[in-house]
Amino acid sequence: MPMFVDTSPPGECIFCRLAARQIPAALVCEDELTLAFMDIGQVTPGHVLVATRRHAATLADVTPEEAAAVMQTARRVALAVQTAFDPAGLTLLQANGAVGGQTVGHFHMHVVPRHEGDGIALSWPRKEPGAQVLQDYAARLRAAL
Ligand SMILES: [Zn+2]
């Protein structure tokens, strides 16, 4: 996990200051709802962050329009990353909450070019609880929708 964690209040976080041009950034593109810029912590060359222009902490705080706009910008940037950096693969990562791996409390998505042996790892402790448990989980989610 990254060492940097920004716990600034809403409107004063590093991405809000970046969006307001109060701090410099290597901007890739921007539109009404999003902005895309180079991650200062470049995990691999071409690593971009796509953030909402408005401060919203997590996925639960963005509007459906902002969520869609972030994904559209991420796709646009990912295609550019493919052209400009020619990675063997590409990972999109969007984290929510400290336990989820979020280090800046302003909604954003990572666009990460991937290469064989790039050292990036996501532990995925697979479990197979069985069909009935899956049905129960699905029922809980249907009830919550
Ligand atoms: Zn912010």
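## Zinc site and aromatic pair

At 0% relative accessibility, His 106 counts as buried, a value that, like the others in this report, comes from a predicted model. His 106 donates its ND1 atom to the zinc ion, and the other protein donors are Cys 13 (SG), Cys 16 (SG) and His 55 (ND1), with the donors lying 2.0 to 2.3 Å from the metal. The angles that the 4 donor atoms subtend around the zinc ion run from 100 to 119°, which makes the arrangement tetrahedral, since four donors count as such if all angles lie between 85 and 135 degrees.

Along the sequence, the donor residues follow the spacing C-x2-C-x38-H-x50-H. Cys 16 lies in helix 1 and His 106 in the loop between strand 4 (89-93) and strand 5 (108-114), so this pair ties together parts that are 90 residues apart in sequence.

Helix 1 (residues 14-19) also holds Phe 15, whereas Phe 37 lies in strand 2 (residues 34-38), so the pair formed by these two residues links parts that are 22 residues apart in sequence. Phe 15 and Phe 37 form an aromatic pair of the edge-to-face kind, with 5.2 Å from centre to centre and 65° between the planes, and the count of aromatic pairs comes to 1.

The table gives the burial of residues from both features.

| Residue | Relative accessible area | Class |
|---|---|---|
| Phe 15 | 6% | buried |
| Phe 37 | 3% | buried |
| Cys 16 | 12% | buried |
| His 106 | 0% | buried |

Each of these assignments rests on the cut-off for buried, which is under 20% relative accessible area.

Key
Residues numbered from 1 in each chain as written. Predicted model: local features only at pLDDT ≥ 70, side-chain atom pairs only at ≥ 80, totals over all residues. Heavy atoms only, no water. Phe/Tyr/Trp six-rings, centres within 6.5 Å; stacked < 30°, edge-to-face > 60°. Helix = DSSP H or I, 4+ residues; strand = E, 2+ residues; numbered from the N terminus. Buried < 20%, exposed > 50% of the residue type's maximum accessible area, 1.4 Å probe, protein only. Donors = N, O, S within 2.8 Å, 3.2 Å for Na, K, Ca; no water. Tetrahedral: all angles 85-135°; square planar, octahedral: opposite > 155°, others 65-115°.
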